[in-house]
Structure formats: C-alpha cells, structure tokens
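Hi everyone, thanks for making time this morning. I'd like to walk you through one structure, going from the overall layout down to a few side chains.

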Amino acid sequence: MFVNRRNVQIQWGDCDPANIVYYPRYFEMFDDSTSILFEAAGFSKQDIIKKYGLVGIPMVDTRAKFHIASTHGDWIAIESRVESFKRSSFEVTHKVFKGEALAIEAFETRVLVGRHPDDPSQLKSAAVPEEIVAKFMRG
C-alpha cells in the first residue's frame with residue numbers, strides 16, 4: 001500500500017488564542033496532504049482532472065479523532081494513505097504524529113466527478129481509473 005509522510009511545523013496563524021491548533025487548520029493540512037499523496041504517487045490533481053475529463057475530486061465526508069494537541073512551533077508528521085477504492089470514490093486516512101505519539105486520526109471520503117454526458121450543466125460521478133487503483137493498492 002502506497003503511503004506518504006510529510007513533516008509540518010505549526011505556525012502562529014494555525015493556532016487559536018489558547019495557542020493550540022484551531023481544528024479547521026488541520027482539515028486544510030489534510031486536504032493538502034491528499035494532494036501531496038497523489039503527487040508523490042505520480043498523479044497530480046491537475047493532471048488527473050485533465051486526463052480523465054473531471055471537474056474535481058471533492059471531499060464528501062470527513063472526520064477526525066484528536067488525541068494530543070499541538071502548539072506554535074511544534075513539528076508534526078502527517079502520514080497519508082488511500083485505504084480503499086469503490087467505483088467512483090476512495091477512502092483516505094491521515095495519521096498525525098507528534099514525535100512517536102499518535103496525535104490525530106483523520107478520515108475522508110472523496111469522489112471523482114465529471115460532467116453528465118447527457119446534460120453538461122449537471123455533475124456525475126466518474127469511475128476511478130484502474131492505473132490509479134493499481135498504484136495505491138500495490139505501492
């Protein structure tokens with residue numbers, strides 16, 4: 001299974017008045033981490049959209065479990081992977097580590113979306129290409 005790990009330093013603007021990361025900032029980091037995961041696998045988001053005629057790859061569900069807080073100046077590692085694929089959607093997990101400790105577990109579901117062939121003003125889910133599935137499932 002293909003996994004990407006990146007290090008992120010918590011910045012002043014990531015934190016709330018209590019000097020802990022304001023939780024929506026983590027979701028921005030997770031969104032970035034998914035794009036970076038695909039790029040590391042050889043599939044930039046823009047290339048996927050262009051090559052397969054997609055409109056986008058929106059997130060349709062997300063949640064997180066917060067175990068350990070982070071503050072300004074801390075370094076965290078975000079480990080991201082695609083856990084599974086369905087016909088047009090896929091599940092991504094992000095594990096955030098602070099040192100060796102698991103700080104956050106986050107989950108998202110994304111779907112590939114293109115224009116409806118009968119009515120281009122409408123959107124329709126699109127099948128995940130086999131080459132993408134193969135890369136993430138085989139590593």
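Three helices and eight strands make up this protein, and please keep in mind that we are looking at a predicted model. Going along the sequence, the order of elements is β-α-α-β-β-β-β-β-β-β-α. If you put a box around the C-alpha atoms along the principal axes, you get roughly 50 × 35 × 20 Å.

A few overall values next. The chain has 139 residues, and 41% of them count as buried. The accessible surface comes to about 7700 Å², with 51% of that belonging to carbon and sulfur atoms. As for contacts with a separation of 6 or more, 65% of them are between residues 24 or more positions apart.

Let's go to the end of the pattern, helix α3, which covers residues 130-138. Which residues are buried in α3? They are Ile-132, Val-133, Ala-134 and Phe-136. Here is a general reminder: an α-helix has 3.6 residues a turn, so residues three or four places apart point the same way. And what do the buried residues of α3 pack against? Their partners are α1, residues 23-40, together with α2 and β4, the latter being residues 75-85.

Phe-136 takes us to the aromatic residues. How many aromatic pairs does the structure hold? The count is nine. In one of them, the rings of Phe-38 and Phe-136 have their centres 4.7 Å apart and their planes at 50°, so this pair is tilted. The pair also links distant parts of the chain, since Phe-38 sits in helix α1 and Phe-136 in helix α3, 98 residues apart. Both Phe-38 and Phe-136 are buried. Another tilted pair is Phe-85 with Phe-90, at 5.7 Å centre to centre and 45° between the planes. Phe-85 and Phe-90 are buried too. Those four rings join Phe-2 in one aromatic cluster: Phe-2, Phe-38, Phe-85, Phe-90 and Phe-136.

Now for a polar side chain, His-94, in strand β5, residues 89-98. Is His-94 buried or exposed? With a relative accessible area of 1%, it is buried, because the cut-off for buried is under 20%. What does the His-94 side chain meet in there? There is a polar contact with the side chain of Ser-80, at 2.7 Å. In addition, a polar atom of the His-94 side chain lies 3.5 Å from the backbone oxygen of Phe-30. Leaving aside neighbours within four places in sequence, the contacts of His-94 include Ser-33, Thr-34, Ile-78, Ile-104 and Glu-108.

Let me finish on the outside. Lys-50 lies in helix α2, residues 45-52, and counts as exposed at 74% relative accessibility. The C-alpha atoms of Lys-50 and Phe-27 are 25 Å apart, with their positions 23 residues apart along the chain. Back in strand β1, residues 3-9, we find Val-3, which is partly exposed with a relative accessible area of 31%. Val-3 joins Met-1 and Met-137 in a nonpolar surface patch of about 220 Å².

That's my tour, and I'm happy to go back to any part of it.

Technical notes
Residues numbered from 1 in each chain as written. Predicted model: local features only at pLDDT ≥ 70, side-chain atom pairs only at ≥ 80, totals over all residues. Heavy atoms only, no water. Patch = residues over 30% accessible without salt bridge, like charges linked within 9 Å, V, L, I, M, F, W, Y side chains within 5 Å. Areas by Shrake-Rupley, 256 points an atom, 1.4 Å probe, with all protein chains shown as cover. Salt bridge = Lys/Arg side-chain N within 4 Å of Asp/Glu carboxyl O. Helix = DSSP H or I, 4+ residues; strand = E, 2+ residues; numbered from the N terminus. Buried < 20%, exposed > 50% of the residue type's maximum accessible area, 1.4 Å probe, protein only. Contact = heavy atoms within 4.5 Å. Polar contact = N/O pair within 3.5 Å; in protein donor to acceptor, adjacent residues only side chain to side chain. Phe/Tyr/Trp six-rings, centres within 6.5 Å; stacked < 30°, edge-to-face > 60°.
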